[in-house]
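Work through the exercises below with the sequence and structure open. Try each task before reading its solution.

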Amino acid sequence: MKIFLILILLSTVIFNSGCCLNKCRDNSENIISRVPKLDEPINVKTLYVWRDGGSLGFVVNDSTGKNISFMVDGRIKSTTIGYVFLNTTHTSRAKGIMLPLFGKEECQLMNYLSSWLYSNYDEKTLDALFKSPDLKKMSKKDFKAFHITRLLKYRQKWKLTINKKENIYK
């Protein structure tokens with residue numbers, strides 16, 4: 001009986017963990033989040049692309065004008081590569097709060113980016129944009145969409161390979 005209960009518990013934990021490209025799943029609603037709730041529609045107000053190996057900074061706001069700033073560390077030799085920092089858009093991270101990797105708060109931020117992406121683009125347009133990018137000729141909106149699509153795809157791949165210690169930001 002004990003083994004049966006342990007198997008049920010393990011299968012529940014495994015089934016409920018994980019983020020995907022469109023939506024992150026996290027059933028831990030009782031955890032207090034440091035990420036404010038934003039009301040739809042979401043707007044990616046600003047995107048910073050840093051020349052340090054791939055760090056991205058974001059300022060995102062909602063229909064009421066509430067702002068959230070965060071960054072994803074993409075510095076090549078960083079010990080925090082891939083981590084998301086709240087309340088900062090630059091790799092100096094002076095005021096940034098490092099969020100747990102693939103945790104509830106990070107999923108919430110990735111869902112905001114995904115919400116903006118899919119409210120502005122369909123899958124076919126995103127695929128075309130991602131497969132043949134001409135960054136110099138892109139509009140600001142397409143430039144944001146390209147980098148957000150790339151980020152979400154890499155985060156999904158990285159989560160699947162994190163146990164192998166592979167660096168997908170090469």
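**Exercise 1: A charged pair with unequal exposure**

Arg75 has a relative accessible area of 25%, so it is partly exposed. The model is a predicted one. Find the salt-bridge partner of Arg75 and classify its burial.

*Solution.*
- Step 1. Look for the carboxyl partner. Arg75 forms a salt bridge with Asp73.
- Step 2. Check the distance. The closest N and O atoms are 2.7 Å apart.
- Step 3. Apply the burial cut-off, under 20% relative accessible area. Asp73 has 0%, so Asp73 is buried.

**Exercise 2: Lay out the fold**

Write the order of helices and strands from the N terminus on. Then give the order and pairing of the strands in the sheet.

*Solution.*
- Step 1. Count the elements. The protein has four helices and five strands.
- Step 2. Read along the chain. The elements run α-β-β-β-β-β-α-α-α.
- Step 3. Assemble the sheet. Five strands form an open sheet in the order 1-2-3-4-5, and the pairing is antiparallel.
- Step 4. Find the edges. Strand 1 and strand 5 (97-98) each pair on one side only, which makes them the edge strands.

**Exercise 3: Examine strand 2**

Which strands pair with strand 2, and by how many bridges? Is strand 2 enclosed or open to solvent?

*Solution.*
- Step 1. Take strand 1 (residues 43-49). Six bridges join it to strand 2, and the two run antiparallel. Asn43 stands opposite Asn61.
- Step 2. Take strand 3 (residues 67-72). It is also antiparallel to strand 2, again with six bridges. Here Asn61 has Asn67 as its bridge partner.
- Step 3. Inspect the hairpins. Between strand 1 and strand 2 there are six residues, and Gly53 takes a positive phi near 125 degrees. Between strand 2 and strand 3 there are five residues, and Gly65 takes a positive phi near 95 degrees.
- Step 4. Sort the side chains. In a regular strand they alternate between the two faces of the sheet. Leu56, Phe58 and Val60 point one way, while Gly57, Val59 and Asn61 point the other way.
- Step 5. Judge burial. Six of the six residues of strand 2 (residues 56-61) are buried, so the strand is largely enclosed by the rest of the structure.

**Exercise 4: Extend the sheet and place a helix**

How many bridges join strand 3 to strand 4? Which strands does helix 2 lie across?

*Solution.*
- Step 1. Count the bridges. Three join strand 3 to strand 4 (residues 84-86), and the strands run antiparallel.
- Step 2. Name bridge partners. Phe70 is matched with Leu86, and Val72 with Val84.
- Step 3. Place the helix. Helix 2 (residues 104-120) lies across strand 1, strand 2, strand 3 and strand 4. It runs at about 105 degrees to strand 3.

**Exercise 5: Salt bridges from helix 2**

Identify the salt-bridge partners of Glu105 and Glu106. Which parts of the chain do these pairs tie together?

*Solution.*
- Step 1. Start with Glu105. Its side chain meets that of Arg34 in a salt bridge, at 2.7 Å from N to O. Glu105 lies in helix 2 and Arg34 in the loop between helix 1 (2-16) and strand 1, so the pair ties together parts 71 residues apart in sequence.
- Step 2. Compare exposure. Glu105 is buried at 8% relative accessibility, whereas Arg34 is partly exposed at 43%.
- Step 3. Turn to Glu106. Its side chain meets that of Arg155 at 2.8 Å, N to O. Arg155 lies in helix 4 (residues 140-161) and Glu106 in helix 2, so this pair ties together parts 49 residues apart in sequence.
- Step 4. Check burial again. Arg155 and Glu106 are both buried.

Methods:
Residues numbered from 1 in each chain as written. Predicted model: local features only at pLDDT ≥ 70, side-chain atom pairs only at ≥ 80, totals over all residues. Heavy atoms only, no water. Buried < 20%, exposed > 50% of the residue type's maximum accessible area, 1.4 Å probe, protein only. Pairing = 2+ DSSP bridges. Contact = heavy atoms within 4.5 Å. Axes fitted to C-alpha atoms, helices over the stretch in contact; angles between N-to-C directions. Salt bridge = Lys/Arg side-chain N within 4 Å of Asp/Glu carboxyl O.
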